[in-house]
Amino acid sequence: PAELRKDCLHACYCLVHGDYSPKNVLIRPAATAAGAAAAAPELVLLDYEVAHWGNPSFDLGFALTHYCAKALHLPRHGPDFIAAARAFWAAYQGAVRLPAASRAHAGHHLAAILMARMDGKSPLEYFTDEAKRERVRRLTRAALLAEGTTIDAVIAATEAELATLSP
């Protein structure tokens, strides 16, 4: 965790959105000319008020937090959220080259943001059940204290926790 704090303060690789969550991403259909092949839709990002130079793993962790949190909040749909988290991570890895130092802390960023969304300044409003909040705290504490926690490990831990819940 001390290394993660240092990383957040000093690892400046790129412009970080800082609030990269589903509510701040719009998908705009691509405009196509008559007879032209369909183009890929465009992502439009909103709310840049906390953008800063930093580590891209912060945005990655912020986005994946929503998939992991929703999986535990809505166990019946949990497997779909886990699948979405894995698909997001696979697509991200295919499109973005993370610096090695950033990748080394990516799992810890995810765990820290997930924990902060339970007890920080901007908690997830739908997590009102204290037992669910404690479940997330336990999962994230373990991930933060483990050496070399990866994104895959946090997603797998979320999936394992989900398996203990009844839908």
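How exposed is Ala160, and what is its relative accessible area?

## Ala160 in helix H6

This is a predicted model. Ala160 is partly exposed, because its relative accessible area is 46% and the partly exposed class runs between 20% and 50%. The residue belongs to helix H6.

Leu139 gives a second reference point for Ala160. The two residues are 21 places apart along the chain. Their C-alpha atoms are separated by 9.9 Å.

## Helix H2 beside helix H6

Helix H6 covers residues 151-163, and helix H2 covers residues 56-73. The axes of H2 and H6 come within 9 Å. They cross at roughly 10°. Angles under 35 degrees count as roughly parallel, so H2 and H6 are roughly parallel to each other.

Which residues of H2 and H6 meet? On the H2 side they are Leu60, Leu64, Cys68, Ala71 and Leu72. On the H6 side they are Ile151, Ile155, Thr158, Glu161 and Leu162. Sorted by type, the residues of this contact give 8 nonpolar, 1 polar and 1 charged.

## Aromatic rings

A pair of aromatic rings is described by two things: the distance of the centres and the angle of the planes. Here the count comes to 5 aromatic pairs. One of them joins Phe88 and Tyr92. Their ring centres are 6.3 Å apart, and their planes are 25° apart. Planes under 30 degrees apart count as stacked, so the Phe88 and Tyr92 pair is stacked.

Where do Phe88 and Tyr92 sit along the chain? Both are in helix H3, which covers residues 78-95. They are 4 residues apart, so about one helical turn separates them. Phe88 is buried, and Tyr92 is buried as well. Ring pairs also link residues into a cluster, made of Tyr67, Phe88, Trp89 and Tyr92.

## A charge over a ring

Another ring, that of Tyr126, has a charge over it. The charge is the charged end of Lys70. From there to the centre of the Tyr126 ring is 4.1 Å.

## Ser21 in a loop

Ser21 lies in a loop. Strand S1 (14-16) is on one side of this loop, and strand S2 (25-28) is on the other. Is Ser21 buried or exposed? Its relative accessibility is 2%. Buried means under 20%, so Ser21 counts as buried.

What does Ser21 contact, leaving aside its neighbours within four places in sequence? It is in contact with Phe62 and His66.

Definitions and conventions: Residues numbered from 1 in each chain as written. Predicted model: local features only at pLDDT ≥ 70, side-chain atom pairs only at ≥ 80, totals over all residues. Heavy atoms only, no water. Axes fitted to C-alpha atoms, helices over the stretch in contact; angles between N-to-C directions. Helix = DSSP H or I, 4+ residues; strand = E, 2+ residues; numbered from the N terminus. Parallel < 35°, antiparallel > 145°, perpendicular 65-115°, else oblique. Contact = heavy atoms within 4.5 Å. Nonpolar A, V, L, I, M, F, W, Y, C, P; charged D, E, K, R; others polar. Phe/Tyr/Trp six-rings, centres within 6.5 Å; stacked < 30°, edge-to-face > 60°. Buried < 20%, exposed > 50% of the residue type's maximum accessible area, 1.4 Å probe, protein only. Lys NZ or Arg CZ within 6 Å of the ring centre and 35° of its normal.
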